[in-house]
Amino acid sequence: METLLRKLFLAIGLNKSAARLMRRYGARLGAARFVAGTELRDAAEAVKRLNDEGLLATVDHLGEFVRHAEDAKLAADMCLMTLDLIHNEGLQANLSLKLTSLGLDIDPALCESHMRAILSRANELRIFVRIDMEDYAHCQAAIDLYRKLKRDYPNFGIVIQAYLRRSELDVRTLGRNGANLRLVKGAYKESPQVAYPLKKDVDEAFAKLIRIQLKQGYAAIATHDEAIIEQSLRWIADNNIPNEKFEFQMLYGIREDLQKQLADEGYRVRVYVPYGKDWFGYFMRRLAERPANVWFLLKHMRRK
Ligand code: FAD
């Protein structure tokens, strides 16, 4: 049943008409739990609140799989405005972005030119930028562009998904020389040819990637899985890995207690803060990760 629900939410999340319908009728459902708001100002306020509690942030202007060059330009402009706001308001935050929002599917050269503009501004303002990893169909293109741009913009990272069979090799090649990789389990629907279908194999691969990256570079350990966090912390202590070599990352609205607890214990914790009008796909992935969230959503709808 859980697997079915997961597949259903991931499929709906990719549906542009469903997303348009949701936007048009303004039905935010329970998305407010996971999304800071629709405007840049909402993101700034959320980041300020987090910073006041000793938490860092990474801000994401929501949007993905765009098909028109004008939309890609708008998304790039929003990234630039987000960088300016982080700088002007002195927020302790960096930027996360998705290449398909910047036109990867329209023309890779267009996407590269938007990326160069964003990375140049981020470089001037000394703000770190990270490419989120999307579905497997875009993985190689994302890694190729990351490698190309990394030569010119060192303050720049990418995400590696533990559920992909290829990821150990990617971590070993991309994570060397102090490179900053965010490691996640993976949030998209993928075929067993390319991704481990069983949760236990994904968890095992995830723990292994974390250890490899902690040894060779900087690890952004992005998970709410307490067992993995505890296991990593034990391994970190046993191997004398300094706190400067890693951070924990969690999503806005998920396990806020754990975010705060780790920060209070002196670990660096960064919260992923998404904002914008195109929240539907992101929200569906959050429901797919934990079908119990549907009860939360139904309760929220009943109260309206
Ligand atoms: P799980 O085993 O799924 O969950 C462990 C526990 O965490 C659950 O028992 C529950 O208590 C809690 N939890 C997990 N998810 C939810 C939820 N949605 N709602 C409520 N509670 C929940 N994936 C990508 O594919 N590409 C990316 O670029 C990417 N970036 C990410 C950035 C950050 C900062 C984080 C934290 C995750 C990111 N992800 C990304 C998502 C990731 O791949 C997982 O889908 C997600 O983190 C859930 O897995 P988990 O590690 O928390 O472990």
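**Core, domains and ligand shell of the predicted model**

Leu183 is in contact with Ile160, Ala162, Phe206, Leu209, Ile210, Gln213, Ala219, Ala220, Ile221 and Ala222, leaving out residues up to four places away in sequence. The model is predicted. Leu183 also belongs to the largest nonpolar core, which holds 81 residues. Within this core, Leu183 is listed with Val47, Ala57, Leu102, Ile158 and Val273 as the residues that touch the most other members. Both domains supply the core, with at least three residues from each of domain 1 (1-35 + 281-304) and domain 2 (40-278).

The protein chain has 304 residues, 41% of which count as buried. Its secondary structure consists of twelve helices and eight strands. When contacts between residues at least 6 apart in sequence are considered, 74% join residues at least 24 apart.

The domain assignment divides the protein chain into domain 1, made of residues 1-35 and 281-304, and domain 2, made of residues 40-278. Contact between the two involves eleven residues of domain 1 and twelve residues of domain 2. On the side of domain 1 that touches domain 2, the elements giving two or more residues are α1 (2-13), α2 (16-24) and α11. Helix α11 gives four residues, the largest share of that side. By residue class, the side of domain 1 that touches domain 2 divides into five nonpolar, one polar and five charged residues.

The ligand is surrounded by 23 residues, and the closest are Asp132, Val184, Ala187, Thr223 and His224. Strands β4 (156-161) and β7 (246-251), together with helix α11, are the elements that give two or more residues to this shell. Strand β7 accounts for the largest share, three residues. Ten residues of the shell are nonpolar, six are polar and seven are charged. As with the core, the shell around the ligand takes at least three residues from each of domain 1 and domain 2. Helix α11 thus appears both in the shell around the ligand and on the side of domain 1 that touches domain 2.

Three residues, Lys98, Arg285 and Arg286, are listed under "binding site" in the unreviewed UniProt entry. Arg285 lies in helix α11, which spans residues 280-289, and Arg286 is placed in helix α11 as well. The two arginines fall into separate burial classes. Arg285 counts as partly exposed because 19 other C-beta atoms lie within 10 Å, and a residue is buried only at 20 or more. Arg286 has 24 other C-beta atoms within 10 Å and is therefore buried. Outside its neighbours within four places in sequence, Arg286 is in contact with Phe34 and Asn293.

Positive phi values occur at two non-glycine residues described here, Arg126 and Asn240. Most residues other than glycine have a negative phi. Phi of Arg126 is near 60 degrees, and this residue is found in the loop between α5 (108-125) and β3 (129-131). Arg126 is exposed, because 9 other C-beta atoms lie within 10 Å. For Asn240, phi is near 50 degrees. Asn240 is likewise located in a loop, the one between α9 (226-238) and β7. With 6 C-beta neighbours inside 10 Å, Asn240 also counts as exposed.

Definitions and conventions: Residues are numbered from 1 along each chain as its sequence is written. This is a predicted model: local features need pLDDT of at least 70, side-chain atom pairs count only at pLDDT 80 or more; totals for chains, interfaces and linings use all residues. UniProt positions are given in the numbering used here, feature names are shortened, and annotations may be inferred rather than shown by experiment. A residue is buried if 20 or more other C-beta atoms lie within 10 Å of its own, exposed if 12 or fewer, and partly exposed in between; C-beta atoms are placed from the backbone. Two residues are in contact if their C-beta atoms, placed from the backbone, lie within 7 Å. A residue is near a molecule or strand if its C-beta atom, placed from the backbone, lies within 6 Å of it. Ala, Val, Leu, Ile, Met, Phe, Trp, Tyr, Cys and Pro count as nonpolar, Asp, Glu, Lys and Arg as charged, and the others, Gly among them, as polar. Domain bounds come from an automatic or database domain assignment. A nonpolar core is a set of buried Ala, Val, Leu, Ile, Met, Phe, Trp, Tyr and Cys residues joined through C-beta atoms within 7 Å.
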